[in-house]
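The following account is intended for a reader who meets this structure for the first time. Please keep the sequence and the model in view while reading.

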Amino acid sequence: MIPAPQPITFTPLFVPKPWGGGRLATLLNKHLPPDEPIGESWELVSLPGHESRVRDGPFAGRTLGELVAAWGPDLLGAADLADGRFPLLVKFLDACQNLSVQVHPKPVGDPHAAQTGVKHEAWYVLHADPGARLYIGLKPGVTADDVARAADTPAIAELLHAWDARPGDCFYLPSGTLHALGAGLVVAEVQTPSDVTYRAYDWDRVDSAGRPRTLHVAEALANIRYDVTAEMIRPQPEQVPGAGPTRATRVASCPRFMLDVLEAPTGQSWPIPPGRVRIWIILAGGGRFSTGGAFRCGDVALLPAASTSCDVTLAADTRWLEVTIPPA
């Protein structure tokens, strides 16, 4: 029998990528495999073939899917599953080179309804080299014919809105937005649970054998949205109430998730409010839950909706992202 819900952290799943590097070790305390360019660290995931496992404590080795099945509403509160699985996926990305110009499946009907393959995501910038940029959304006036002519050529980058990136910036990408994460960036990514990606251009990159990566030009062209505006991509931060002594700023919000930046000083302690599932992405500092689990920079903690009688105490000035899920 699985014990009653309490805050837990998971063992990350490292994903090598041709554009990856090693900065997740230096910036986020990740124990990366040697001699591999790690592009992604999947921190919280429940997809076929990819399941997060609890790192330590009484639940060590349990998968996220097992906890979803055992705890049900005690884990998720009023939030819905996505295709029977945990409704979000959390990653860190280390882009030492540009990622491909890509798009995720365009929603059908309600753009924010839970649909298989659809991937709404938010990028929170943790590190940016001088001059680093993100390419998100088409410039005003760009047409489908323009994109079709430019696909699989360097010209497609000229059609994209290039955003200067600085630590603390947040960008929201509705599924169907043509985009590329630029070189020199490390970001935290919160997304709906899908790994379906259509690449329209890959910067003429080849592997060690001289082979280019597979593109999906026809699928990409069929899934690009032309109604995504700059105001949708770069939402204005707003102050929101925080629990206990925390100061909270909302940096992204959509019907599938909300993303807040929280800060609190060392030594502070307060009870975790029950009733809503929360994900904490620790950016600086650390502390401990009264149930026994500790956390530090780079950890991602899952706080079940029924985490009753659990306090958190900070061992340092701490800044973190809190992800919540609106009720179904």
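The paragraphs below treat the sheets, the strands, a pocket and a few single residues in turn.

The model is a predicted one. A suitable starting point is an open sheet of six strands, whose order is β2-β3-β7-β14-β9-β12 and whose pairing is antiparallel. At its edges stand β2 and β12, each of which pairs on one side only. On average, neighbouring strands of this sheet are turned by 25° against each other, direction ignored.

Within this sheet, strand β14 covers residues 185-191 and is joined to β9 by seven bridges, the two strands running antiparallel. On its other pairing, β14 meets β7, again in the antiparallel sense and over seven bridges. One residue of β14 serves to illustrate both pairings. A188 stands opposite Y124 in the pairing with β9, and A188 is also the bridge partner of F92 in the pairing of β7 with β14.

Strand β9 deserves a closer look. Is β9 largely enclosed by the rest of the structure, or left open? The strand spans residues 121-128, and six of its eight residues are buried, so β9 is largely enclosed by the rest of the structure. A residue counts as buried when its relative accessible area is under 20%. Besides its bridges to β14, β9 is joined by four bridges to strand β12, residues 170-173, and these two strands run antiparallel. In that pairing, W123 has F171 of β12 as its bridge partner.

The same sheet leads on to the largest pocket. Which elements give two or more residues to its lining? The space in the largest pocket amounts to about 290 Å³, and 20 residues line it. Nearest its centre lie K17, E40, Q102, D195 and T197. The elements that give two or more residues to this lining are β2 (13-21), β3 (38-44), β7 (89-95) and β9. Of these, β2 gives the most, with three residues. By character, the lining divides into nine charged, six nonpolar and five polar residues.

Attention may now turn to strand β10, which comprises residues 133-138. This strand is mostly covered, as five of its six residues are buried. Strand β11, residues 160-164, is joined to β10 by four bridges, and the two run antiparallel. In this pairing L138 stands opposite L160 of β11. Strand β10 also pairs with strand β13, residues 179-181, in the antiparallel sense over three bridges. Here I136 stands opposite H179 of β13.

Another open sheet lies further along the sequence. It has four strands in the order β19-β24-β21-β22, with antiparallel pairing. Why is one side of β19 and of β22 left without a neighbour in the sheet? β19 (269-271) and β22 (294-296) stand at the edges and each has a single partner strand, so one side of each lacks a neighbour in the sheet. From one strand to the next, the twist averages 20°. The partner of β19 that can be followed in detail is strand β24, residues 311-314, with which β19 pairs in the antiparallel sense over three bridges. In this pairing W270 stands opposite V312 of β24.

Two single residues complete the picture. S46 belongs to strand β4, residues 46-47. With a relative accessible area of 4%, S46 is buried, because a value under 20% counts as such. The side chain of S46 makes a polar contact of 2.8 Å with the side chain of E51. A further polar contact, of 3.3 Å, joins the side chains of S46 and R85.

G72, in turn, is placed in the loop between α2 (64-71) and α3 (73-76). Is G72 buried or partly exposed? Its relative accessible area is 22%, and G72 is therefore partly exposed. G72 also allows a comparison of sequence with space: G72 and T308 are 236 residues apart in sequence, and their C-alpha atoms are 15 Å apart in space.

Definitions and conventions:
Residues are numbered from 1 along each chain as its sequence is written. This is a predicted model: local features need pLDDT of at least 70, side-chain atom pairs count only at pLDDT 80 or more; totals for chains, interfaces and linings use all residues. Side-chain values use heavy atoms; hydrogens and water are left out. Buried means under 20% relative accessible area, exposed over 50%, partly exposed in between (1.4 Å probe, protein chains only). Two strands pair if DSSP finds at least two bridges between them. On a 1 Å grid over the protein atoms alone, a cavity is a set of points where a 1.4 Å probe fits but cannot get out, and a pocket is an open set with protein on both sides within 12 Å along at least five of seven lines; lining residues have an atom within 4 Å of a point. Grid points are joined across faces, edges and corners, and a volume is the space filled by probe spheres set on the points. Ala, Val, Leu, Ile, Met, Phe, Trp, Tyr, Cys and Pro count as nonpolar, Asp, Glu, Lys and Arg as charged, and the others, Gly among them, as polar. Axes are lines fitted to C-alpha atoms, for helices over the stretch in contact, and angles run from 0 to 180 degrees between N-to-C directions. A polar contact is a pair of N or O atoms within 3.5 Å; within protein, one must be able to donate a hydrogen and the other to accept it, and residues adjacent in sequence count only if both atoms are side-chain atoms.
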